[in-house]
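Visitor: I'd like to go through this one with you and ask how each label is earned. Can we put it up on the screen?

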Amino acid sequence: MGAAIELVIFDCDGVLIDSEVISARMLIAELAEHGIEIDMGFVARNFLGRSYPVVLQRVREEFGITLPDQFEADYRARLLAAFERDLTIMPGVAEVLSRLTVPFCAATSSSPARVARSLQLTGLSEAFAGRIFTASQVANGKPAPDLFLHAAAQMGAEPARCLVIEDSLMGLRAGQAAGMRLCHFTGGSHMSDVHLPEGMPPPEVTLGGFSRFFVQFPELQAKEPAR
């Protein structure tokens, strides 16, 4: 048990919203058109939690291929269109947000435009107004600690008193490097057949769904939903 929690930092994709399975399937399909065959497990181990420019750089390095200049723009456009059709809020997260007794924020590798639209589509814009932090605001994205440390500083919290809720290996590494308490969230659709590698930073809690959040962290629960 670590220091008392005074800030909860949520990752966005795969934690607040059930988006990673949509993103992964589309990326797999797009890369297959260019002769690159990968599966969901490869995406989880190598791409999950990283910003899109870093993903493209990893593709170039891993497969020795230069993708067309328009690849990123086309992929982003198709992905946002898929989000419009299929994106859903993670079950139970709205209830958790309404009953937290401490401040919370989001820290994500997504672009500002993508996270803004994602939260709008899932009804979370108001809850996170003024407390969304993206990798574009720091020098180094996950697995570096920069983003989480930036979020904590902006929210006025000590890193050791922050709880990071992450689905990805890169996010957990970032939280560990930041000296924060770790919760590994495995409730997203993309995690059903995915096993992250050994050597993953040991989380304090592995959470299979937000219905169990206050069982694991009862000290963070208000007696009545916040108004």
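Visitor: Which residue does Arg 181 form a salt bridge with, and what makes it one?

Guide: First, keep in mind that this is a predicted model. The partner of Arg 181 is Glu 204, and their closest N and O atoms are 2.6 Å apart. The cut-off is within 4 Å, so 2.6 Å earns the name.

Visitor: What does that pair tie together?

Guide: Arg 181 sits in strand β5 (residues 181-185), while Glu 204 is in the loop between β5 and β6 (205-207), so the salt bridge links parts that are 23 residues apart in sequence.

Visitor: Are the two partners buried or exposed, and how do you know?

Guide: Buried means under 20% relative accessible area. Arg 181 comes in at 7%, so we call this residue buried. Glu 204 has 36%, which lies between 20% and 50%, so Glu 204 is partly exposed.

Visitor: How many salt bridges does the structure hold?

Guide: Ten. Some share partners, and that joins Asp 11, Lys 142 and Glu 166 into one network.

Visitor: What makes Arg 58 and Glu 62 a salt bridge, and where do they lie?

Guide: Their side chains meet at 3.4 Å, N to O, and since the limit is 4 Å, the pair counts. Both lie in helix α3 (residues 52-63), four residues apart, which is about one turn of the helix. Arg 58 has a relative accessible area of 23% and Glu 62 has 40%. Both values fall between 20% and 50%, so each residue is called partly exposed.

Visitor: Why do Glu 158 and Arg 161 count as a salt bridge?

Guide: Their N to O distance is 3.8 Å, and the rule asks for within 4 Å, so they count. Glu 158, at 49%, is partly exposed because exposed means over 50%. Arg 161 is partly exposed too, at 30%.

Visitor: Now to the strands. Why is β4 described as largely enclosed?

Guide: Five of the five residues of β4 (residues 162-166) are buried, so the rest of the structure largely encloses this strand. In a regular strand, side chains alternate between the two faces of the sheet. Here both faces are covered: Cys 162, Val 164 and Glu 166 are buried on one side, and Leu 163 and Ile 165 on the other.

Visitor: How do you know that β4 pairs with β1 and β5?

Guide: Pairing needs at least two bridges. Strand β1 (residues 7-10) and β4 have four, in the parallel sense, with Phe 10 standing opposite Ile 165. β4 and β5 also pair in the parallel sense over four bridges, and Val 164 has Leu 182 as its bridge partner in β5. Four meets the requirement in each case, so both count as pairs.

Visitor: What kind of unit do β4, helix α8 and β5 make?

Guide: Together with helix α8 (residues 169-177), the two strands make a right-handed β-α-β unit.

Visitor: How many disulfides are there, and how do you know that Cys 12 and Cys 162 are in none?

Guide: The count is zero. For Cys 12, the nearest cysteine sulfur belongs to Cys 105, 12 Å away. For Cys 162 the nearest is again that of Cys 105, at 7.5 Å. A disulfide needs sulfurs within 2.5 Å, so neither cysteine qualifies. Cys 12 counts as buried at 1% relative accessibility, and Cys 162 is buried at 0%.

Terms used. Residues numbered from 1 in each chain as written. Predicted model: local features only at pLDDT ≥ 70, side-chain atom pairs only at ≥ 80, totals over all residues. Heavy atoms only, no water. Buried < 20%, exposed > 50% of the residue type's maximum accessible area, 1.4 Å probe, protein only. Right-handed = clockwise from strand over helix to strand, strands pointing away.
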